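Dear colleague,

I am passing on the structure we spoke about, so that you can have it open while you read. My notes on what was found in it come after it.

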Amino acid sequence: MQVLASPTSPLLDSFGRVGTDLRVSLTDRCNLRCSYCMPAEGLDWLPSAEVLTDDEVVRLLTIAVEQLGVQQVRFTGGEPLIRRGFTDIVARTARLRPRPHIAVTTNGMGLERVAPALAAAGLDRVNVSLDTVRADTFRTITRRDRLGDVVRGLAAAAAAGLAPVKINAVLLRGHNDDQAPELLAWCLDRGYELRFIEQMPLDAQHGWSREAMVTADEILAALRTTFDLTPHPDERGSAPAELFLVNGGPGTVGVIGSVTRPFCGACDRVRLTADGQIRNCLFAREESDLRTALRSGADDTEIAERWRRAMWTKRAGHGIDDPTFLQPARPMSAIGG
Ligand code: SF4
């Protein structure tokens, strides 16, 4: 018999997993145009009236932390640094108790300017998406000639104490799949922690294909042409990355086999979109509308209960390898990574 969570319980699903890691998308807009994410002309952005205000975001964060047991908050986009008021949202999140761990996933553009203020506001960590350190490849993948901005942003984050700076990379066949050892060497030289992520079917153009995807096995084989990799001795827990020591350590590299080595059984994530919808999985096909509840006067207890109900129905996993798999209607840029 299915039993719904009690009013005082955390974000439990019917498989016994507990959502403690909240990904909050602050905007669906971005200042790059990565070819694996969106078309060159961009997308139809969310109307601004539908986007949660800063106060609404903070109210939902307060409910998540104080009533639902959320311990980690990761801000995402689109590109979260282009959200006006971002630093203030971070500062208000850092005042919640128990204080959550606060991170941001960014493309690194503009980080040079805001890293010190974000660190002072209470940001704990940055994950920067960077697929190449060659200017021509960067321009081809992102359709913008801005590698230098990202490189300076990374250095600024490290200097501001947002360490360890983590880098997320996707390998794309025919573009940068020959650059994995080069990217790792570059990151090791600078003390950045690199993680390669298998490309997932979340692009707006629906251009993803299983055959074209560079798999975790291929990533590891490419790295092993240059480096000796041994499994990291630490427990993996719910972390998506399989960690390896590089040449015996202390440098590491992570590989996230989102598609071929899914980790859904240990998933502790839940997502809030910029327009106030709860998604219990990256690949969820249903959402739960908290924005309408917020704006029609629901109190915190009712919102918390709606959130718990949304979580309870989380499926066992993404099912990308299932013949009936359907890509979610929202692209990655509107979900948050
Ligand atoms: S696909 Fe869904 S269930 Fe699997 S790890 Fe990602 S969010 Fe969690």
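Below I go through the ligand site, the nonpolar cores, the empty spaces and one loop residue in turn.

Please keep in mind throughout that this is a predicted model.

I begin with the ligand, around which lie Phe263, Cys264, Cys267, Arg271, Cys281, Leu282, Phe283, Lys314 and His318. Sorted by class, this shell consists of six nonpolar residues, one polar residue and two charged residues.

Turning to the interior, the largest nonpolar core has 83 residues, and the members that touch the most others in it are Phe75, Phe196 and Trp307. Helix 1, which spans residues 54-68, supplies the largest share of this core, namely seven residues. If you would like to follow one of these residues on screen, Trp307 is in contact with Leu11, Leu22, Leu60, Ala64, Leu68, Val270, Ile278 and Leu290, once residues up to four places away in sequence are left out of the count. Another core, of eleven residues, lies apart from the largest one, and its members include Met200, Leu202, Met213 and Cys281. Cys281 is therefore worth locating, as a residue that is buried by the rule for cores, under 20% relative accessible area, and that is also listed around the ligand.

As for empty space, the count comes to one cavity of 30 Å³ or more. The largest cavity has a volume of about 50 Å³, and its lining is made up of Asn280, Cys281, Ala284, Arg285, Glu286, Thr313, Lys314, Arg315 and Gly317. Cys281 and Lys314 thus appear in this lining and around the ligand. By class, the lining of the largest cavity divides into two nonpolar, three polar and four charged residues.

Among the open pockets, the second largest has a volume of about 310 Å³. It is lined by Leu26, Thr27, Asp28, Arg29, Leu46, Ser48, Val51, Leu52, Thr53, Ile82, Arg83 and Arg84, of which five are nonpolar, three polar and four charged.

Finally, Gln205 sits in the loop that runs between strand 8 (193-197) and helix 7 (216-224). Gln205 counts as partly exposed because its relative accessibility is 33%, which falls between the limits of 20% and 50%. Leaving out residues up to four places away in sequence, Gln205 touches Ser35, Cys37, Met38 and Pro39. The C-alpha atom of Gln205 is separated by 15 Å from that of Asp28, although the two residues are 177 residues apart along the chain; Asp28 is one of the residues lining the second largest pocket.

With best wishes

Technical notes:
Residues numbered from 1 in each chain as written. Predicted model: local features only at pLDDT ≥ 70, side-chain atom pairs only at ≥ 80, totals over all residues. Heavy atoms only, no water. Near = heavy atom within 4 Å. Nonpolar A, V, L, I, M, F, W, Y, C, P; charged D, E, K, R; others polar. Core = buried A, V, L, I, M, F, W, Y, C linked by side-chain atoms within 4.5 Å. Buried < 20%, exposed > 50% of the residue type's maximum accessible area, 1.4 Å probe, protein only. Helix = DSSP H or I, 4+ residues; strand = E, 2+ residues; numbered from the N terminus. Contact = heavy atoms within 4.5 Å. 1 Å grid on protein atoms, 1.4 Å probe; cavity = no way out; pocket = protein on both sides within 12 Å on 5 of 7 lines; lining within 4 Å. Points joined across faces, edges and corners; volume = space filled by probe spheres on them.
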